[in-house]
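Let's walk through this structure together, moving from single residues to rings and then to helices. Keep the viewer open as you read.

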Amino acid sequence: MPFETPPDPAVSAPPSPPRRQARRASLAGMLGTLVEYYDFSVYAFLAAIFAPSFFPAGNPAVATLGALLVFASAYLVRPLGGIAFGWIGDRAGRRTALTATVLLMGFASVVIGLLPTYASIGILAPILLVLLRLLQGFSAGGELVGALTLVAESATPRRRGLMSSLTPAGSSFGFALATGVVGATAYFVGQDAMEAWGWRIPFLLCLPLTVICLLVRVGLEESPEFERVDRQTTEGRRPVREVLKDHKAALVVVTVLAFALNTTGYVGLTYVAGFLRDVHGFSTAMASTLSAIVIAVSCVIGMPLGGILTDRFGRRAVCICATATMAVLALPMFLLMQSTSDTLTIGGAYLVIMVLNGIQTVAGFSLYTSIFPTRVRYTGTAIGHNLGLIVGGGFTPYIAAQLVLWSGQPVAPALWMIAGSIVGIIAVAASARIQDLIPDARTVTGSVTPASASPIPQPAKGTIDG
């Protein structure tokens, strides 16, 4: 890998963003993705419980299927949300787009918690549920990538990876929080009350989470890089058209990489709890608790470690190493979880998978923002990430279940993780050439100074590009 281009001593670089601004952007990014994934995940955990209230049918399985199809529909509109909020973020600013995403997500989630049932308003109940779920998916399409973009453009070069790691950590914490809140609510109100009205509580808790996130985001400053580009080209910007016309290769790389990261991540997030119930007879409460603990611990260990390694060795090297290690260890870790009934051993093997996914996710997400120019960074990253998420995330639970059905082996989803890892390595390798072809694509690494822009702050001496 090439070393960073040394700074031109004749050019005076502008000062790095203040540390306070970087910390505030990182906190806002983490809180936003936490709210997004909490809101998004609560529906999945509660779908089977509230399904009869909105999809009455003689067969409970039919009602549950209807609720789960509504869950999946949110993934299909995420690319549309990515396009819309990417357009806003690349024209009006990252802060404006991120304020809108959290408002829409919080609004949709709270209203779901207040929604009348089929018994009260008839067919209008499932229609409104579908519309609100689509609104959740639409707003989620612009949240994570917008936060990644803002943090990458606001953080100082020496700590960019570590600061950026808080954003994906927020997504995993949101998932773990949703698991814990649903479990705690069911425990305190009881199963009968949970089915009647208790399912509303986790949705209504989205209100204080949204308010806290908004209080942090209202005081955010716009990213310095966006402000420099915005002053140069304020009129006639068409980010969607520019991405599709001039940056198709970068878009393909981000899409494939997003697919790869989500295949491994979603097997760990959505399949393992069921694996423990089916293979070892864990209760739902025990499987969910172990899953929540492992996910939370992996956030504390894997995400910051990924950020530190990225700052030291470069995002591309870390992503390839972590993804290759995942390809090698996925099947052995699943076989280990299958072969023993010791909870600590099972939790340790599960933790290895999730820590590796945390490292590769931080490095991969950081790579997203490095291969698009600043003027279309939000849009390009949003479209690519959400397209990859449809298959890598939205369909992974279904594919995992089908692999088990076809093979008769509970460890078969590990093969899906291996396949995703292989294509992910190819995408990361291809990103090097694309990055070199785009003049200011590496602005967020501080390695390239666009000819027509202000000089960009340079990273520490000896750091590796990518």
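A residue is called buried when its relative accessible area is under 20%, exposed when it is over 50%, and partly exposed in between. E227 has a relative accessibility of 37%, so it counts as partly exposed. Please bear in mind throughout that this is a predicted model.

**Residues far apart in sequence**

E227 is a good place to begin, and you will find it in helix α11, which covers residues 224-232. Its C-alpha atom is separated by 10.0 Å from that of T374, although the two are 147 residues apart along the chain.

R158 offers another such case. This arginine lies in the loop between α5 (124-154) and α6 (160-164). Is R158 buried or exposed? Its relative accessible area is 63%, and because exposed means over 50%, R158 is exposed.

I353, by contrast, is buried, with a relative accessible area of 2%. It lies in helix α16.

The table puts the C-alpha separations of these residues side by side.

| Residue pair | Separation in sequence | C-alpha to C-alpha distance |
|---|---|---|
| R158 and I308 | 150 residues | 9.7 Å |
| E227 and T374 | 147 residues | 10.0 Å |
| I353 and G302 | 51 residues | 10.0 Å |

**Aromatic rings**

How many aromatic pairs does the structure hold? There are 13 aromatic pairs. One of them joins Y43 and F50, with 5.2 Å from centre to centre and 75° between the planes, which is an edge-to-face arrangement. Both Y43 and F50 are buried.

F50 also pairs with W199. Here the ring centres are 5.2 Å apart and the planes meet at 45°, so this pair is tilted. The cut-offs make the reasoning easy to follow: planes under 30 degrees apart count as stacked and those over 60 as edge-to-face, so the rest are tilted.

What does the pair of F50 and W199 tie together? F50 belongs to helix α1 (residues 19-54), while W199 is in the loop between α8 (191-198) and α9 (200-204), so the contact ties together parts that are 149 residues apart in sequence. F50 has 0% relative accessibility and therefore counts as buried. W199 is likewise buried, at 0% relative accessibility.

Seen together, ring pairs link Y43, F50, F54, W199 and F203 into a cluster.

**Charges over rings**

Y43 has a further partner: R133 lies over the face of its ring, at 4.7 Å from the ring centre. Elsewhere, the charged end of R312 sits over the ring of F313, 4.9 Å from the centre of that ring.

**Helix packing**

Helix α16, which holds I353, is also worth viewing with its partner α15. The axes of α15 (residues 315-339) and α16 (residues 343-368) come within 9 Å and cross at roughly 160°. With that angle, α15 is roughly antiparallel to α16. The crossing of α15 past α16 is left-handed. Which classes of residue make up this contact? It has 18 nonpolar, seven polar and one charged residues.

A second helix pair is formed by α13 (residues 248-280) and α17 (residues 377-394). These helices pack at an angle of about 40°, with their axes 7 Å apart. Angles under 35 degrees would count as roughly parallel and those from 65 to 115 as roughly perpendicular, and α13 and α17 are therefore oblique to each other. Here α13 passes α17 in a right-handed crossing.

Technical notes: Residues numbered from 1 in each chain as written. Predicted model: local features only at pLDDT ≥ 70, side-chain atom pairs only at ≥ 80, totals over all residues. Heavy atoms only, no water. Axes fitted to C-alpha atoms, helices over the stretch in contact; angles between N-to-C directions. Helix = DSSP H or I, 4+ residues; strand = E, 2+ residues; numbered from the N terminus. Parallel < 35°, antiparallel > 145°, perpendicular 65-115°, else oblique. Left-handed = near helix turned anticlockwise from the far one by under 90°. Nonpolar A, V, L, I, M, F, W, Y, C, P; charged D, E, K, R; others polar. Phe/Tyr/Trp six-rings, centres within 6.5 Å; stacked < 30°, edge-to-face > 60°. Buried < 20%, exposed > 50% of the residue type's maximum accessible area, 1.4 Å probe, protein only. Lys NZ or Arg CZ within 6 Å of the ring centre and 35° of its normal.
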